[in-house]
Amino acid sequence: MKNITIAIDGFSSTGKSTVAKRLAKALGYVYVDSGAMYRAVTLYAMQKGFITISSFDKNDLIAHLKDIEIGFEFNEDLGFSEVFLNGKNVEKQIRTLEVSQFVSQIATVSEVRKQMVRQQQKMGANKGVVMDGRDIGTVVFPDAELKLFMTASAEKRAQRRYDELIERGDKVSYEEVLKNVQSRDHIDSTRKDSPLTMAEDAIKIDNSALSLEEQFELVYDLAKTTISKSQ
Ligand code: CDP
């Protein structure tokens with residue numbers, strides 16, 4: 001059976017990564033969370049003081065890009081790959097609201113994007129990959145056989161992300177999560193380099209009213225159909 005490339009793009013907290021992870025597992029494909037890579041670069045920039053509430057030293061970050069090594073390691077117990085920054089597991093640290101508050105600014109930097117895209121294209125070179133993000137169907141894999149674009153109302157997405165953060169034990173308010181979702185939507189959609197837009201040949205899925213189960217079934221059927229058409 002010939003493997004294909006599946007690109008899942010869309011707004012934050014639309015359940016992209018949950019569905020992508022499950023889809024990869026069901027198909028025996030590799031899953032790559034491209035957002036985790038931008039989050040790891042952000043964590044690095046925060047640790048080095050290149051980005052704070054009041055400043056962003058873009059040139060310092062660019063000068064240190066060569067010192068940033070991002071990798072994924074499959075965790076058997078969790079059933080998915082965790083992110084490593086310069087050899088250190090940062091899976092939990094990169095998911096905080098603090099990192100979310102800086103990540104979209106970091107993701108506007110072309111030099112950062114170039115380095116991430118190069119690495120993502122290498123990871124998907126043999127196909128058999130499900131990758132989720134903002135520019136996968138438009139920039140990273142414009143020839144992907146299946147492209148999906150996920151969306152849902154900002155309020156619904158903020159509620160989902162708020163529940164996730166509270167579940168982890170983070171102290172956040174719904175209002176600040178909603179503000180972050182809206183602010184990232186804006187920065188991601190209006191940046192010059194690789195803005196978040198739907199590829200012309202993508203299938204749009206509004207999941208405001210879909211459960212994760214219904215969303216998965218829909219996506220799984222689309223993947224199966226595309227795989228059999230590609231043989
Ligand atoms: O999980 P969530 O939807 O919150 O976002 P993510 O996938 O972890 O991505 C975090 C941020 O990284 C996004 O808001 C974008 O600013 C950036 N990103 C990007 O620019 N390009 C990608 N391919 C993936 C993420």
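In strand S4, Phe84 is the bridge partner of Gly71, and this predicted model places Phe84 opposite Asn89 in S5 as well. These two pairings introduce the strands with which this report begins, before it turns to helix H5 and to a proline in a loop.

**Strand S4 and its hairpins**

S3 and S4 run antiparallel and are joined by 6 bridges, while S4 pairs with strand S5 (residues 88-89), again in the antiparallel sense, over 2 bridges. Each pairing belongs to a hairpin with a residue of positive phi, as the table sets out.

| Hairpin | Residues between the strands | Residue with positive phi | Phi |
|---|---|---|---|
| S3 and S4 | 4 residues | Gly79 | about 80° |
| S4 and S5 | 2 residues | Asn86 | near 45° |

Of the 6 residues of strand S4 (residues 80-85), 5 are buried, and the strand is therefore largely enclosed by the rest of the structure. In a regular strand the side chains alternate between the two faces of the sheet.

**Helix H5**

Helix H5 comprises 14 residues (residues 110-123), which at 1.5 Å a residue should span 20 Å; the C-alpha atoms at its ends are 20 Å apart, in agreement with that expectation. Its buried residues are Val112, Arg113, Met116, Val117 and Gln120. Viewed down the axis of H5, these buried residues fall within an arc of 120°, so they line one face of the helix. An α-helix has 3.6 residues a turn, so residues three or four places apart point the same way. On the other side of H5, the residues Lys114, Arg118 and Lys122 are exposed.

The buried residues of H5 are covered by several elements, among them helix H2 (34-47), helix H3 (58-64), helix H4 (97-106) and helix H6 (136-140). The cover also includes two strands, S3 (70-75) and S6 (129-133), and S3 is thus shared between this setting and the antiparallel pairing with S4 described above.

**Pro195 in its loop**

Pro195 is found in the loop that lies between helix H8 (174-190) and strand S8 (203-206). With a relative accessible area of 25%, Pro195 is partly exposed, because that value lies between the 20% under which a residue is buried and the 50% over which a residue is exposed. When residues up to four places away in sequence are not counted, Pro195 touches Asp188 and Ser189. Val117, one of the buried residues of H5, is 78 residues apart from Pro195 in sequence, and the two are 14 Å apart in space, C-alpha to C-alpha.

Terms used:
Residues are numbered from 1 along each chain as its sequence is written. This is a predicted model: local features need pLDDT of at least 70, side-chain atom pairs count only at pLDDT 80 or more; totals for chains, interfaces and linings use all residues. Side-chain values use heavy atoms; hydrogens and water are left out. The expected span of a helix is 1.5 Å times one less than its number of residues. Buried means under 20% relative accessible area, exposed over 50%, partly exposed in between (1.4 Å probe, protein chains only). The arc is that of the directions from the helix axis to the C-beta atoms. Contact means heavy atoms within 4.5 Å. Two strands pair if DSSP finds at least two bridges between them.
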